[in-house]
Amino acid sequence: MKKEPKSAGAYEVGYGKPPQKHQFQPGNSGNPKGRSKGPGNLHKMIAKHASKKVTVIENGSEKKMAKMDVVVSAMFNSASKGDVGAARLLTSMLQAASELAGNTDAPEFTDADIAVMIDVGDWQAELVALKAEVSDGNE
């Protein structure tokens, strides 16, 4: 006995054969939101926030700078004013950056070099304090 061909409108609904109106439409995915991105990576999050731009007033003019640029600039400024902690942090950051970049010719700071930087930093800090005392006495 031969099966007779079904008419174009007839569709057998059953296991694995959902009604046509509930089937995926052509061009649409079964998972429209897609796979979730997951928790992320700390390094990527830090890099994303460090690269965000902020407006900074420098020498009387507004500039847009990345947050990391602002932080490094502030560290250099405070180190140049005699902040020993900022100077130590900068030297360690420079060494770490050169190691990450694979530079073998990067300068390595000896204990004597660091002692000289600390002495210079202390001298600059004393000079800033003396200048503050003199300016307080003139007022």
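## Exercises on a Predicted Chain

Immediately after helix α3, residue G102 adopts a positive phi of about 80°. The model is predicted: local features require pLDDT of at least 70 and side-chain atom pairs count only at pLDDT 80 or more, while totals for chains, interfaces and linings use all residues. Residues are numbered from 1 along each chain as its sequence is written, and side-chain values use heavy atoms, with hydrogens and water left out.

### Exercise 1. The chain as a whole

Determine the secondary-structure content of the protein chain and the order of its elements.

**Solution.**

Step 1. Helices (H or I, at least four residues) and strands (E, at least two) are taken as DSSP runs, numbered from the N terminus. On this basis the protein chain has 4 helices and 2 strands.

Step 2. Read from the N terminus, the elements follow the order α-β-β-α-α-α.

Step 3. A residue is buried under 20% relative accessible area, exposed over 50% and partly exposed in between (1.4 Å probe, protein chains only). Of the 139 residues in the protein chain, 9% count as buried.

Step 4. The exposed surface of the protein chain is about 12,200 Å², of which carbon and sulfur atoms supply 58%. Such areas come from the Shrake-Rupley method with a 1.4 Å probe; for residues, only the protein chains shown count as cover.

Step 5. A contact means heavy atoms within 4.5 Å. Among contacts in the protein chain with a separation of 6 or more, 20% join residues 24 or more positions apart.

### Exercise 2. The hairpin

Establish how β1 and β2 pair, and what the backbone does at N59.

**Solution.**

Step 1. Two strands pair if DSSP finds at least two bridges between them. Strand β1 (residues 53–58) and strand β2 (residues 61–66) are antiparallel, with 6 bridges.

Step 2. The register can be read from individual partners: T55 is bridged to K64 of β2, and V56 is bridged to K63 of β2.

Step 3. The hairpin has 2 residues between the strands, and N59 is located in this loop between β1 and β2. At 80% relative accessibility, N59 counts as exposed.

Step 4. Most residues other than glycine have a negative phi. N59 is not a glycine, yet has a positive phi of about 55°.

### Exercise 3. Helices α1 and α2

Describe the setting of H49 in α1 and the span of α2.

**Solution.**

Step 1. H49 belongs to helix α1 (residues 42–50). With a relative accessible area of 38%, H49 is partly exposed.

Step 2. H49 and A66 stand 17 residues apart in sequence, with 8.9 Å between their C-alpha atoms.

Step 3. The expected span of a helix is 1.5 Å times one less than its number of residues. Helix α2 (residues 67–80) has 14 residues and reaches 20 Å from its first C-alpha to its last, close to the 20 Å expected.

Step 4. G82 follows α2 and has a positive phi, near 110°.

### Exercise 4. The faces of helix α3

Which residues of α3 are buried, and how are they arranged about the helix axis?

**Solution.**

Step 1. Helix α3 covers residues 84–101. With 18 residues, α3 spans 26 Å from first to last C-alpha, close to the 26 Å expected.

Step 2. The buried residues of α3 are V84, A86, L90, T91 and S98. Viewed down the axis of α3, these buried residues fall within an arc of 165°, so they line one face of the helix. The arc is that of the directions from the helix axis to the C-beta atoms.

Step 3. On the face of α3 turned away from the buried side are the exposed residues E99 and L100.

Step 4. T91 counts as buried because its relative accessibility is 15%. Leaving aside residues up to four places away in sequence, T91 touches F109 and M117.

### Exercise 5. Polar contacts of helix α3

Identify the side-chain polar contacts of D83 and S98.

**Solution.**

Step 1. A polar contact is a pair of N or O atoms within 3.5 Å; within protein, one must be able to donate a hydrogen and the other to accept it, and residues adjacent in sequence count only if both atoms are side-chain atoms.

Step 2. At the start of α3, a side-chain oxygen of D83 comes within 3.2 Å of the backbone nitrogen of G85.

Step 3. S98 is buried, at 12% relative accessibility, and its side chain reaches the backbone oxygen of Q95 at 2.8 Å.

Step 4. Q95 also lies in helix α3 and is partly exposed, with a relative accessible area of 26%. The C-alpha atoms of Q95 and E108 are separated by 7.2 Å, although these residues are 13 residues apart along the chain.
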